[in-house]
Amino acid sequence: MASLHFRFGAMNCGKTTALLQVAHNYEENGQHIVLLKSKKDTKGDDSVVSRLGVSRKVDYLVGENELLLPYGEQWKKDGIACVVVDEAEFLSEEQVWDLYRIAKYYDIPVVCYGLRTTFKSEFFTGSGPLMRIADHIEELVNLCGCCGTRKAKFQGRKVNGKFVLEGEEVLIDGSLDSVEYVPLCGECYLKEVYDKDRKLNFGETPKQFVITPPKYKGQEKI
């Protein structure tokens, strides 16, 4: 049986570029693919757009509550070699399960690209189930946009040039002039976003966790 793949990474790691390359490779071999993306992703309207400037029109814009399994039988009849999904983090859990069913019922590989977590470091509606049930999970690597040396794991949201941890979950970069996303390593996410929001200095232990260590004389507790 075919597999469900989830290829994820922080912002600017080249997910869409890799997706377009996969589609091209199939078609170079005379095979046909189906390209999907969620209607929640308004960037590029009905196209997927790489940050390198390459774009491609999608075959299906997936509605928020739309079931995907009913397409599987027709895709099998049409000889579709692969289903490719951009910004899969915006899918619902049931849509992810439908993609898994398509891979298993109809023996069509499904390759999903997307973010793993929101700017609050929480799973998106689609990325959580993908991390749980995908047959193959691959991380696409990018460097931190702050220090420029360590691997990016998180994405920070900037509003008017400042990192924030408040706001709605989905806010597409470029939809507002004041909003941008920055890929961040773990250290920079703590320093610039998470701990800073809690008014902690980097490396500082929160006061509620500070305890006085016991004193010892030799091996005996005093």
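**View 1. Tyr194 and the nonpolar surface patch.** Tyr194 sits in helix 5, which spans residues 186-197. The model is predicted. Tyr194 is partly exposed, at a relative accessible area of 32%. Together with Leu190 and Phe202, Tyr194 makes a nonpolar surface patch of about 260 Å². Membership of such a patch needs over 30% relative accessible area. Tyr194 qualifies on that count because its value is 32%.

**View 2. The whole chain, for orientation.** The protein has 222 residues, and buried residues make up 41% of them. Its secondary structure comprises five helices and 13 strands. About 12500 Å² is exposed. Carbon and sulfur atoms supply 49% of that area. Among contacts with a separation of 6 or more, 73% are between residues 24 or more positions apart.

**View 3. The largest nonpolar core.** This core holds 24 residues. Val85, Leu99, Val110 and Cys112 touch the most other members. Six elements each supply at least two residues of this core. The strands are strand 1 (4-8), strand 2 (32-38), strand 6 (80-86) and strand 7 (110-114). The helices are helix 3 (93-106) and helix 4 (127-133). Helix 3 gives the most, with four residues. In soluble globular proteins, nonpolar side chains tend to be buried together.

**View 4. Around Leu99, and a second core.** Which residues contact Leu99, once its neighbours within four places in sequence are left aside? The set includes Leu4, Leu36, Leu68 and Leu91. Val83, Val85, Val110 and Cys112 complete it. Apart from the largest core lies another core, of 14 residues. Its members include Leu19, Ala23, Val58 and Tyr113.

**View 5. The Glu27-Arg56 salt bridge.** A search of the whole structure finds twelve salt bridges. One of them joins Glu27 and Arg56, with the closest N and O atoms 2.6 Å apart. The pair links distant parts of the chain, 29 residues apart. Glu27 belongs to helix 1 (residues 15-28), and Arg56 to strand 4 (residues 55-57). Are these residues buried, exposed or partly exposed? Glu27 is partly exposed, at 34% relative accessibility. Arg56 is also partly exposed, at 24%.

**View 6. The Glu187-Arg150 salt bridge.** Glu187 pairs with Arg150, the closest N and O atoms being 3.3 Å apart. Glu187 lies in helix 5. Arg150 lies in the loop between strand 8 (136-139) and strand 9 (154-159). The salt bridge therefore ties together parts that are 37 residues apart in sequence. Glu187 is partly exposed, with a relative accessible area of 35%. For Arg150 the value is 33%, again partly exposed.

**View 7. Arg198, Asp197 and a salt-bridge network.** Arg198 forms a salt bridge with Asp197. Their closest N and O atoms are 3.7 Å apart. Arg198 is partly exposed, with a relative accessible area of 40%. Asp197 is partly exposed at 42%. A further group is Glu94, Asp98 and Arg101, joined into one network by salt bridges that share partners.

**View 8. Ser3, ahead of strand 1.** Ser3 is found in the segment before strand 1. Is Ser3 buried or exposed? Ser3 counts as buried, because its relative accessibility is 17% and the limit for buried is under 20%. Its side chain makes a polar contact with the side chain of His136, at 3.5 Å. Leaving aside neighbours within four places in sequence, Ser3 is in contact with Ala103, Lys104, Pro109 and Val110. Asp135 and His136 are also among its contacts.

**View 9. Asn142 in the loop between strand 8 and strand 9.** Asn142 has its place in this loop. Asn142 counts as buried, at 17% relative accessibility. How far does the backbone oxygen of Met11 lie from a polar atom of the Asn142 side chain? The distance is 2.8 Å. Beyond its neighbours within four places in sequence, Asn142 is in contact with Met11, Asn12 and Cys13. Arg150, Lys151, Ala152 and Pro183 are contacts of Asn142 as well. Arg150 also forms the salt bridge with Glu187.

Methods
Residues are numbered from 1 along each chain as its sequence is written. This is a predicted model: local features need pLDDT of at least 70, side-chain atom pairs count only at pLDDT 80 or more; totals for chains, interfaces and linings use all residues. Side-chain values use heavy atoms; hydrogens and water are left out. A nonpolar core is a set of buried Ala, Val, Leu, Ile, Met, Phe, Trp, Tyr and Cys residues joined through side-chain atoms within 4.5 Å. Buried means under 20% relative accessible area, exposed over 50%, partly exposed in between (1.4 Å probe, protein chains only). Contact means heavy atoms within 4.5 Å. Patches are made of residues with over 30% relative accessible area and no salt bridge: like charges are joined within 9 Å, nonpolar side chains (Val, Leu, Ile, Met, Phe, Trp, Tyr) within 5 Å. Accessible areas come from the Shrake-Rupley method with a 1.4 Å probe; for residues, only the protein chains shown count as cover. A salt bridge is a side-chain nitrogen of Lys or Arg within 4 Å of a carboxyl oxygen of Asp or Glu. A polar contact is a pair of N or O atoms within 3.5 Å; within protein, one must be able to donate a hydrogen and the other to accept it, and residues adjacent in sequence count only if both atoms are side-chain atoms.
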